[in-house]
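Q: Got a minute to go through this one with me? I'd like to get my bearings before I set anything up.
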Amino acid sequence: MPKPHVLIFLAPAVLVYTAVMIYPLFDTLRLALFAADGQERVYVGLANFRRLFLDPLWSDQFWNALGNNFWFFLIHMLVQNPIGVALAALLSSPRLRFAAAYRTAIFVPTILSFVIVGFAWKLILSPIWGIAPSLLDAVGLKSLFAPWLGKEAYALTTLALISVWQFVGIPMMLIYAALLSITEEILEAGEVDGITGMAAFWKIKLPLILPSIGIISILTFVGNFNAFDLIYAAQGALAGPDFSTDILGTFLYRTFFGFQLQLGDPYMGSAIASAMFGIILVGVCIYLFGIQRRLRHYQF
Amino acid sequence: MTALTLENVSKSFGKVEVLKDIDLTVEDGEFIVFVGPSGCGKSTLLRVIAGLEEATSGEVSIDGEKVNGIPPARRGIAMVFQSYALYPHLTVQDNMALGLKQDGAPKARVAEQVAKAARMLDLEPYLKRRPAELSGGQRQRVAIGRAIVRDPKLFLFDEPLSNLDAALRMNTRVEIAALHRTLKASMIYVTHDQIEAMTLADRIVVLRDGRIEQVGAPMDLYNDPANRFVAGFLGAPSMNFFERLPGTRAGEVLGVRPEYLRPEQGGRLRGTVTHVERLGGDTNLLVASDAGEGFAVRLFGQDPTRVGDDVAFDFDDARALRFDALGRRMR
């Protein structure tokens, strides 16, 4: 039994965390096991999940949103994180002038609101009043322009790239910090060994920042599977065109709160939220137990 | 063949001149120690030789070849860093092999060189370990091993023992001396520790404020210093300087090492003991003299003198060194 003062000191944190995190989480999981029967709430066991995964009325939308979500995540992993690492490597080069200015410029979009970003990019890419068509026209590439946000084939990728534009500053900063923490003497030892430039990056710096890249990957995963706001701001809750940009967040929003003619269903909404929780939990567990244990953290 | 020649080497960082007109020749197989107080430029000089810094002016030649502008890896040098600077993500074996691999050396030669270095430094049981799993002394040996495998014409050591505890420092010092005898390679060693300098060096280079004060064999510097700085820098406790002894002219300074003072009734140095250090083998006394000049005395063996005792010492005039007002030796 811990001493009483330990409990007293722990109490505020535990109470606040329970009230705003643990209780809502478990209540959501509980709510997913009920359904509305007229005005009554009845216990239905796992029936909501059965409908979500198997009933075509729900499952088509669910699998569509899940698939889109994976694509959204993949774009971030393949575009945002490598660019973030590359930018950090460039920024940490001692010969780069105005590094602080670039660092700030690249990081600024991160602190902008989703609403501004979504709306601004909608305007930029608009075929009617956007500046993208005229900019492409100015360099003679107008033929490349398409209403990217309005085409089913491009819309999700375009939104993912907008999100990459907004958030590339975060991996950049984390990697930049990791690169700065590598002792100068190790790089000089490499120089004496003939390992300079690109070789120094691949053979010395990259292995030493792998733990940071791991952390960034898991942050990207959690962030992407919880994403909602950018899609909502740019495409609305229907995640058009024809649900091609629908991800789990927007699907959950429509289901839980209702949208236009669709009535809100807190029970099915909770089932979706529980499924999202499960997916993220599995992803994080794979990372923690499968990957992070193999990454070594180095002391310098 | 000369292993290293420095001609008029200067180095400035912006407006700060760190090295001023350094001239030095190191013969093949020599063990040279750069010694001096912090900020004297000894590490910078080593980095200029290594190629980690470029000399602002002057010429650096290694093994008869001018190396200004040539990157460190192609200068035929190997360096051991103060913090060891091992690659934390690589095993001992890979740490030693990385440079050769980068050079494109054939696998068989890499394996052979690593095995040879591991044998020489007793690292064989640890080849598969990473630096984090090694003790400080073992890491130090890996860093030396990484230098050996490159078969360099010139070894550079940057205060390699300063992160080790006293006992280990002594052992490693002996090992480095043995290594020098085995490899017969030219070595340059930077330290601020005069014991390391005295015990390891064939020749010592004493630096101050970016200039070479004196170059010579340890005992030559000890017995025959060119100026007051070198005289005071080598030896512990350091040399005593007297300006107010009877018989010294104005502006002249008399230097006497603490071990050359002998107790003598009515001697020229009289005073009161202010501190006693009993080291077992030696006893060091700090004395405030009646003339107002403090001095140190080193007595061999154990001595019963206590703080507050009135004492008197004298010395052989042949043992005293005379310096002028600018600190230059007067012969």
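Q: Let's start with Glu184(A): how does it count, buried or exposed?
A: In between: Glu184(A) counts as partly exposed, because 14 C-beta neighbours fall inside 10 Å, whereas buried would take 20 or more. Keep in mind that this is a predicted model.

Q: OK. Which helix does Glu184(A) lie in?
A: Helix H9 of chain A, which covers residues 184–192.

Q: And how far is Glu184(A) from Ile272(A)?
A: In space, 50 Å from C-alpha to C-alpha; along the sequence, 88 residues separate Glu184(A) and Ile272(A).

Q: Switching helices: how many residues of H6 in chain A are buried?
A: Zero. That helix runs over residues 131–138, and with none of its eight residues buried it's hardly covered.

Q: What's the phi like at Gly140(A), after H6(A)?
A: Positive, near 75 degrees.

Q: Over to chain B. Which domains does the assignment give?
A: Domain 1 spans 2–230 and domain 2 spans 240–330 in chain B. Their C-alpha centres lie 38 Å apart.

Q: How many residues does the contact take from each domain?
A: Five from domain 1 of chain B and seven from domain 2 of chain B. On the domain 1 side, three are nonpolar, one is polar and one is charged.

Q: What does UniProt annotate on chain B?
A: The unreviewed entry has "domain: ABC transporter" over residues 4–234 of chain B. That span is 37% helix and 27% strand, and its end C-alpha atoms lie 25 Å apart.

Note on methods
Residues are numbered from 1 along each chain as its sequence is written. Chains are lettered from A and ligands numbered from 1 in the order in which they are written. This is a predicted model: local features need pLDDT of at least 70, side-chain atom pairs count only at pLDDT 80 or more; totals for chains, interfaces and linings use all residues. UniProt positions are given in the numbering used here, feature names are shortened, and annotations may be inferred rather than shown by experiment. Helices (H or I, at least four residues) and strands (E, at least two) are DSSP runs, numbered from the N terminus. A residue is buried if 20 or more other C-beta atoms lie within 10 Å of its own, exposed if 12 or fewer, and partly exposed in between; C-beta atoms are placed from the backbone. Domain bounds come from an automatic or database domain assignment. Two residues are in contact if their C-beta atoms, placed from the backbone, lie within 7 Å. Ala, Val, Leu, Ile, Met, Phe, Trp, Tyr, Cys and Pro count as nonpolar, Asp, Glu, Lys and Arg as charged, and the others, Gly among them, as polar.
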